[in-house]
Amino acid sequence: KAVEEESARDGEPLKVYYVMSYGEYGNWTSGPGSFINEMIKIAGGYPITEDANPSAPWMDYSVEAMVAGDPDIILMAESLGDPSVLSSTPGYQDMRAVQEGRVYTINDDIISRPGPRVQEAIRAIASILDQAGEAAVIIAVSLLLALLGVVLSVSVGASGMPLDRALNGVLGRGSAADNAIIQGLRLPRALLAYLVGACLAV
């Protein structure tokens, strides 16, 4: 009970997929009723296999179902090696979590064996969920700041432009004249300036 209260998360739970095996060994994972799925839920996540039909505590999950489930993060048994291998594995390489580097390894001993270390497993999963959630917030804020920077850049020119008009022009929702000025002239220049700045920073 204490672990469940400690691991409770606010907001929408992150969708999770647990990799027990992959590729030629089958895409084995935990299913409804398994203690692993229960630990993920207690930690504050939601296993994408929870609504699988037909269901079983352990299942060879289809690649199509995995991609359709679009997990926010993927947990992978440490014994399977470097998680980057999934980026070249058919099916997995198409998943957003893999493309965005949200694959986390977890100790097999604590997650695959029910027993006294279950509490340790729940805390480890909760820590990964928190880490992934914080990363998502940082990415979202960074994208918003980048968009604001672009809008500010394109709003400045020989003739100034209000920010709302500049934003609509960037998104292609402005007037034909605004769209032509921003997307044809100002936006390419702004993006080129950002690219040069990024190269110089490296």
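Is V196 buried, exposed or partly exposed? In this predicted model, V196 is partly exposed, its relative accessible area being 42%.

## The chain as a whole

The chain holds eight helices and six strands, and, read from the N terminus, these elements follow one another in the order α-β-β-α-β-β-α-β-α-β-α-α-α-α. Of the 202 residues in the chain, 38% are buried. The accessible surface comes to about 11,300 Å², and carbon and sulfur atoms account for 59% of that area.

Among the contacts in the chain with a separation of 6 or more, 63% are between residues 24 or more positions apart.

## Strand β5 and its neighbours

Strand β5 covers residues 73–77, and five of its five residues are buried. In a regular strand the side chains alternate between the two faces of the sheet. In β5 both faces are covered, with I73, L75 and A77 buried on one side and I74 and M76 buried on the other.

The strand pairs with β1 through four bridges, the two running parallel, and it is likewise joined by four bridges to β6 (residues 103–106), again in parallel. Residue I74 takes part in both pairings, since it is the bridge partner of Y17 and also stands opposite V103 in β6.

## A buried asparagine in a loop

The loop between β1 (14–19) and β2 (28–30) contains N27, which counts as buried because its relative accessibility is 10%, below the 20% limit for that class. The side chain of N27 makes a polar contact of 2.9 Å with the side chain of Y92.

Leaving aside residues up to four places away in sequence, N27 touches Y17, S21, Y22, M59, D60, Y61, V63, M66 and Y92. Two of these names appear elsewhere in this report: Y17 is the residue paired with I74 of β5, and Y92 is the partner in the polar contact.

## Salt bridges

Side chains of opposite charge can pair when their charged atoms come close. The count for this model comes to eight salt bridges, and E38, K41 and E50 are linked in a network of them. Within that network, E38 and K41 meet with a nitrogen-to-oxygen distance of 3.0 Å; because these two residues are three apart in helix α2 (residues 35–43), they are separated by about one helical turn. The side chains of K41 and E50 also meet in a salt bridge, at 2.9 Å from N to O. As for cover, E38 is partly exposed at 34% relative accessibility and K41 is partly exposed at 31%, whereas E50 is buried, with a relative accessible area of 16%.

Another salt bridge is formed by D178 and R165, whose closest N and O atoms are 2.8 Å apart. Since D178 lies in helix α8 and R165 in helix α7 (residues 163–170), the pair ties together parts that are 13 residues apart in sequence. Here D178 is buried, with a relative accessible area of 9%, while R165, at 37% relative accessibility, counts as partly exposed.

## The nonpolar patch on helix α8

Helix α8, which spans residues 176–201, is also where V196 is found. Together with L192, L195 and L200, V196 makes a nonpolar surface patch of about 420 Å². The relative accessible area of V196, 42%, is above the 30% that a residue needs to exceed in order to belong to a patch.

Methods
Residues numbered from 1 in each chain as written. Predicted model: local features only at pLDDT ≥ 70, side-chain atom pairs only at ≥ 80, totals over all residues. Heavy atoms only, no water. Patch = residues over 30% accessible without salt bridge, like charges linked within 9 Å, V, L, I, M, F, W, Y side chains within 5 Å. Areas by Shrake-Rupley, 256 points an atom, 1.4 Å probe, with all protein chains shown as cover. Salt bridge = Lys/Arg side-chain N within 4 Å of Asp/Glu carboxyl O. Buried < 20%, exposed > 50% of the residue type's maximum accessible area, 1.4 Å probe, protein only. Polar contact = N/O pair within 3.5 Å; in protein donor to acceptor, adjacent residues only side chain to side chain. Contact = heavy atoms within 4.5 Å. Pairing = 2+ DSSP bridges.
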